[in-house]
Amino acid sequence: MDLPVAVAVLLIVAGLWNLVIWPQFLRRVVKDPRARDEAGRATTFLTVHLVLVTISMVLGIAVGVVGIAALV
């Protein structure tokens, strides 16, 4: 893969950013009272945010891998 070093580093940083930020966000969402109903079951609020975090982390990993591959 032929990318400038600056772009490869930017991709790695963006990937790491996603892997650091999203889990912290998910921890806050899980603690939110809207995450569970009265019976303790997951609500749509929790489900949607879990999907959002999962997709963002997968994309973060993919972007980081592309960045690393560009440096190698």
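## Surface and charge

The protein exposes about 5,100 Å², and carbon and sulfur atoms supply 73% of that area. This is a predicted model. Of the 72 residues, 25% count as buried, where buried means under 20% relative accessible area.

The charged side chains comprise 6 positive and 4 negative ones. The centres of these two sets are 7 Å apart.

## Overall fold and dimensions

Two helices and zero strands make up the secondary structure elements found in the protein. The radius of gyration is 16 Å, well over the 11 Å given by the globule rule for 72 residues, so the protein is more spread out than a compact globule. Measured out along the principal axes, the C-alpha trace spans about 55 × 15 × 10 Å.

Contacts were also sorted by separation along the chain. Among those between residues at least 6 apart in sequence, 65% join residues at least 24 apart; a contact here means heavy atoms within 4.5 Å.

## Surroundings of Phe 45

Phe 45 belongs to helix α2, which covers residues 44-71. With neighbours within four places in sequence left aside, Phe 45 is in contact with Val 29, Asp 32, Arg 34 and Ala 35.

One of these partners, Val 29, lies 16 residues from Phe 45 along the chain. The C-alpha atoms of Phe 45 and Val 29 are separated by 8.5 Å, and the two residues are in contact.

Terms used
Residues are numbered from 1 along each chain as its sequence is written. This is a predicted model: local features need pLDDT of at least 70, side-chain atom pairs count only at pLDDT 80 or more; totals for chains, interfaces and linings use all residues. Side-chain values use heavy atoms; hydrogens and water are left out. Helices (H or I, at least four residues) and strands (E, at least two) are DSSP runs, numbered from the N terminus. The radius of gyration is taken over C-alpha atoms; the globule rule is 2.2 Å times the number of residues to the power 0.38. Buried means under 20% relative accessible area, exposed over 50%, partly exposed in between (1.4 Å probe, protein chains only). Accessible areas come from the Shrake-Rupley method with a 1.4 Å probe; for residues, only the protein chains shown count as cover. Lys and Arg count as positive and Asp and Glu as negative; His and the chain ends are not counted. The place of a charge is taken as NZ of Lys, CZ of Arg, CG of Asp or CD of Glu.
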